Amino acid sequence: MSTKLLLDKAHIAGIETFEIYRKEGGYRAAEKALKSMTPDEITEEVKKSGLRGRGGAGFPTGMKWSFLAKPEGVPRYLVCNADESEPGTFKDRFLMEKIPHLLVEGLIVSSFALGANTAYIYIRGEYAWIVHILEKAIAEAKNNGFLGKNILGTGFDLEIHVQRGAGAYICGEETALLESLEGKRGNPRIKPPFPAVKGLYGCPTVVNNVESIAAAVPIVNMTGDEYAKIGLGRSTGTKLISASGNINKPGVYEIVLGLSVEEFLMSDEYCGGMKNGKKLKACVPGGSSVPILPHDLLFKTANGETRLMTYESLSDGGFATGSMLGSGGFIVYDEDQCIVENTYNFTRFYRHESCGQCSPCREGTGWMEKLLWRLDNGQGKMEDIDLLWDIQRKIEGNTICPLGDAASWPVAAAIRHFREEFEWHVTHPKEAMERNYGLRKNIYVAPTTAGA
Amino acid sequence: MAKVTIDGHLMEVPDGTTILNAARMMAEHHPELSANVPPAMCYYSKLEGSGGKCRTCLVQVTKGSEKDPRPMPKLVASCRTTVMDGMEVQNKLSPQVQDARKGVVEFLLLNHPLDCPVCDQAGECHLQDLGYEHGSQNTRYEFKRRTFEVEDIGDKVKLHMNRCILCYRCVFTANQITEGRVHGIINRGDHAEISTYIHQSIDNDFSGNVIDVCPVGALTDKTFRFKSRVWNTNPYNAHRECTNPKCNGHVVLWMAGNDILRVTARKDQWGEVESFICNECRFDKKSLGDWILEGPRKVDRHSVISGGHYNSLSDKKVLTKSTTFAVMEGSKKD
Ligand SMILES: Cc1cc2nc3c(=O)[nH]c(=O)nc-3n(C[C@H](O)[C@H](O)[C@H](O)COP(=O)(O)O)c2cc1C
Ligand code: SF4
Ligand code: SF4
Ligand code: FES
């Protein structure tokens, strides 16, 4: 069995109650942090742990905390990003449902470190039932003196509020989230200023993913140095992976970073291999926004090295032959799946979720969706493929927030690796409506030098 | 003060100036540089928080500053990026910028109807200018354009949502210039639209200014609707003693003979309103007796209409009265 730090107790009956959570050693980190550590010491431990943001971008959490502006007399906020709407990602849901007190405890520790007396959990609107789970946990924690005024007699005050979103993926982008939390239209803000300087209500704010905040609990319990020993290189600790697609055991797994992709997909401890003995065709390893990898680049990098579940290894080869760990949404496709249809499906999502502020994202996503629909339905033209490439290229990097990039990358990667399948849709329009293309036939010839 | 170089031209500007405004300042000192100013479809200097959205003003920062000379990894919106001392910027000189801008213009025109012949904005439309300078002859878009119904939003303002480029200027104007905004943007993405609260309409002293800030023909003046083409009217500067304390009564009258067909605020060389005017001046004072005429107004904004043929924008000609309008050659198929 591998090490588990977040979900180790998630299967204990009644762990969602304060009583059992506490009995199982819960709120020890909160006690330790508030009673025997200074805020800066906690931040220092998180820095030492090497923890990287689990929301997708992988920014070092301790560093983010140390950037928080601390002007006199101005409140600071901690905002927990529980908007989780990236297709393929459902890990935060599992954590909050099963072990809500871990998040509450994480919020207490983190808020204390940041000097925030108010914390918000901004939760995806569709997770309506989890709101009740969280509110119950918050009420229990308060009744037991872990929230409210003068927590554990230390003089530290903290209130946690849960706010439901209204069904917009874009409100997971941290500045759109803050706008929405303020009661405004959820448009991403133009940065700078960054939330660390001007965030919620114009005050310094840290926005962190559910999993990042929960990870503060084991870090405080075991120390940052010990946490950093788990994992591999700059990918420290454990990571929740949401596994879905044509596999035997879809679900949420806590893995130690550094596990090989092959073991994660094939072993019975995790995904349990391909369903119905089908062949692996492709995998999107980090949620819908990251580049898709064809079967021959999943277990080995272009250089022939074993591909590992780490930030570095998954992105080895850059966008030419690599992908990203992203938010850990591991989507597996077997030989019966159609890449063109999948790309259409993702693009449809981004078109629907674009906030519409920037012209390239607003107009470009809709254009790509229409072209992909046409290709998928046997009505496409050869030029459409190059046109798609040109459109994604003109969106990427030219928008306010990374949704534009997130919409471009899946299209670019699909064309890069599966161009023959796109072309087949054009040359065999009838057949493409009746059967799937299968695995790609022209195996990518790996460059001899590792690309950026 | 900060030294900034744009397309090889050096200038010193106050700290906190944006790249776009630095380029505009250069052009104000050296009119021959006005063609180097990045086009701006959403930024409006008088509206706080505007800019950053349309992406037409993207530029390349090849040197961040004297202190940190690294280039910026992505193109930046010049309207929302402040200069640093020693910064070097490429606009016209950067092929990457020109390519991205061409893309942005294509995106803006994708769903834009080509109804210039029946649009009241034609002749003073920033999108026309932009399309002329940066657009392609043909569209690569082969799908049906997005359409909305034409709507009255208030008794004086017409909304052609089909033409809107979602620059948000009218929203900022309503927030900052009028008392209480009753319109805004609903829905998101390519299905976003301008709308008013149910059963509400835009009706307050300064609401007419949304017409002037709109870069395209999405918001037009119902009292001028289809009365004339802009280029067939003669603009005159005029003023009156306006009783509204927030309005200085300095306007432009757009005349045909002795008839005042339209009243607008005065716009500067960047197409921005010099000072906002009240609805009484704009909509209710349409007889010559209401005004003290100052004289004919030179329309000195660069424009696609100039003497019946298109000039390159660099040899900036003055648009005077009775110019004729030429339809863009090879206009897009619909
Ligand atoms: C379009 C978009 C959607 C996002 N959705 C989420 C989300 O649902 N949950 C999340 O934690 N981060 C999301 N992010 C990333 C956040 O902007 C932010 O980086 C993150 O919450 C920071 O937390 P971390 O440092 O703990 O990862 C999204 C980003 C973008 C651009
Ligand atoms: S990139 Fe897309 S989602 Fe992000 S701000 Fe621009 S339009 Fe909105
Ligand atoms: S109506 Fe005009 S001013 Fe308002 S957002 Fe649309 S284009 Fe901009
Ligand atoms: S003018 Fe700068 S982005 Fe629109």
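What follows is a quick look at the overall build of chain A and its domains, based on a predicted model.

Starting with the basics, chain A carries 18 helices alongside 12 strands. Its C-alpha trace stretches over about 75 × 45 × 40 Å along the principal axes. How does the radius of gyration of chain A sit against what a compact globule would have? For 452 residues the expectation is near 22 Å, and chain A comes out at 22 Å, so the two agree.

The packing can be looked at through burial and contacts. Of the 452 residues in chain A, 61% are buried, meaning that their relative accessible area is under 20%. Among contacts with a separation of 6 or more, 69% link residues that sit 24 or more positions apart in chain A.

Turning to the outside, chain A exposes an accessible surface of about 16600 Å², and carbon and sulfur atoms make up 52% of that. As for charge, there are 51 positive side chains and 56 negative ones in chain A. The centres of these two sets are 2 Å apart.

Chain A splits into three pieces: domain 1 covers 18-229, domain 2 runs over 235-334, and domain 3 takes in 339-434. Going by C-alpha atoms, the centres of domain 2 and domain 3 of chain A are separated by 23 Å. Where these two domains touch, domain 2 of chain A contributes 15 residues and domain 3 of chain A contributes 13 residues.

Notes:
Residues numbered from 1 in each chain as written. Chains lettered and ligands numbered in written order. Predicted model: local features only at pLDDT ≥ 70, side-chain atom pairs only at ≥ 80, totals over all residues. Heavy atoms only, no water. Helix = DSSP H or I, 4+ residues; strand = E, 2+ residues; numbered from the N terminus. Rg over C-alpha atoms; globule rule 2.2 N^0.38 Å. Buried < 20%, exposed > 50% of the residue type's maximum accessible area, 1.4 Å probe, protein only. Contact = heavy atoms within 4.5 Å. Areas by Shrake-Rupley, 256 points an atom, 1.4 Å probe, with all protein chains shown as cover. Lys, Arg positive; Asp, Glu negative; His and termini not counted. Charge placed at Lys NZ, Arg CZ, Asp CG, Glu CD. Domains from an automatic or database assignment.
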